[in-house]
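Me: Could you walk me through this one, a question at a time? I'm new to it, so please explain the terms as you go.

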Amino acid sequence: MNESIRKTILHNPTDKLRELFHKRINKYKNDIEKFFGVSLLKGTDIQILEYKEGGHYNCHADNASVIMKNNHIVGYKVVRSERKLTTLLFLNEDFLGGEIEFCHLRYYNNKRVILKPKIGMMIVFPSHGLFAHKVFEVKKGKRFAIVKWWDVI
């Protein structure tokens, strides 16, 4: 793993974390399917992401490789077509930094879309390049999250 692009640690999920995730996703599954107009059929196993101090992840799409030209993102090449939706469940908030920014999205006032993870907060978004995102460097503490990608119809 190129640590100038991504500095994370992947952990295998415990049964307790699997249960936590499944309870949360099942609580909102109907709302997610209705909002996105899809059915969540199958997905990857969950992954536990740990960002220690100095941990970060540059702008990326969950289903594609970044295409760069002159140090600027000019597009994305789909390499994981089965990843249609991304779910992230944040497990803690006792850290500094570690915010998630959607690289190409802006609010109506052109303000950048940056979210500070809160314990128990779940976000769901399309896995493609329009929703490319980055994780800012963790300055203090450790940041933990569960991620799962969904194939949908």
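**Inside the fold**

Me: At 2% relative accessibility, does phenylalanine 125 count as buried or exposed?

Reply: Start with the cut-offs: buried means under 20% relative accessible area, exposed over 50%, and partly exposed in between (1.4 Å probe, protein chains only). Phenylalanine 125 comes in at 2%, so the word for this residue is buried.

Me: Hang on, what kind of model is this?

Reply: Residues are numbered from 1 along each chain as its sequence is written, and side-chain values use heavy atoms, with hydrogens and water left out. Local features need pLDDT of at least 70, side-chain atom pairs count only at pLDDT 80 or more, and totals for chains, interfaces and linings use all residues; the model is predicted.

Me: How many residues does the largest nonpolar core have?

Reply: A nonpolar core is a set of buried Ala, Val, Leu, Ile, Met, Phe, Trp, Tyr and Cys residues joined through side-chain atoms within 4.5 Å. In the largest one, the residues with the most contacts inside the core are Tyr51, Leu88, Phe90, Phe102, Ile123, Phe125 and Val147. The full membership is 16 residues.

Me: And which strand gives the largest share of this core?

Reply: Strands (E, at least two residues) and helices (H or I, at least four) are DSSP runs, numbered from the N terminus. At least two core residues come from each of E4 (47-51), E8 (85-90), E10 (100-106), E12 (122-126) and E15 (143-152). The largest share is three residues, and the strand supplying them is E15.

Me: How many residues are in the second core?

Reply: This one is separate from the core above, and Val38, Ile48, Ile146 and Val152 are among its members. The number of residues in this second core is 14.

**Aromatic rings**

Me: How many aromatic pairs are there?

Reply: Rings of Phe, Tyr and Trp (its six-membered ring) pair if their centres lie within 6.5 Å; planes under 30 degrees apart count as stacked, over 60 as edge-to-face and the rest as tilted. By this rule, the count of aromatic pairs is three.

Me: What kind of pair do phenylalanine 35 and phenylalanine 36 make?

Reply: Their ring centres are 4.9 Å apart and the planes stand at 85°, so this is an edge-to-face pair. Phenylalanine 35 is exposed at 67%, while phenylalanine 36 is partly exposed at 26%. The kind of pair, once more, is edge-to-face.

Me: Which rings join Phe102 in a cluster?

Reply: Phenylalanine 102 is buried, with a relative accessible area of 6%. Ring pairs tie Phe102 into a cluster, and the other members are Phe125 and Phe131.

**Sheet and disulfide**

Me: In what order do the five strands of the open sheet run?

Reply: Two strands pair if DSSP finds at least two bridges between them. E10 and E13 (residues 133-135), for instance, pair in the antiparallel sense over three bridges, and isoleucine 100 stands opposite valine 135 in E13. The pairing in the open sheet is antiparallel, and the order is E1-E5-E13-E10-E11.

Me: Which strands stand at the edges?

Reply: An edge strand here has a single partner, so one side of each is left without a neighbour in the sheet. The two at the edges are E1 and E11 (112-115).

Me: How far apart are the sulfur atoms of cysteine 59 and cysteine 103?

Reply: A disulfide is a pair of cysteine sulfur atoms within 2.5 Å, and a search of the whole structure finds one. Cysteine 59 lies in E5 (residues 56-60) and cysteine 103 in E10, so the pair ties together parts that are 44 residues apart in sequence. Both cysteines are buried, and their sulfur atoms are separated by 2.3 Å.

**A hairpin**

Me: How many bridges pair strand E6 and strand E7?

Reply: E6 (residues 64-69) and E7 (residues 72-78) run antiparallel to each other. One of the matches puts serine 65 with lysine 77 as its bridge partner in E7. There are two residues between the strands in this hairpin, and asparagine 70 takes a positive phi near 50°. The number of bridges is six.

Me: Which residues does glycine 75 touch, not counting residues up to four places away in sequence?

Reply: Glycine 75 lies in E7 and, at 17% relative accessibility, counts as buried. Contact means heavy atoms within 4.5 Å. With those sequence neighbours set aside, glycine 75 touches Ser65, Val66 and Ile67.
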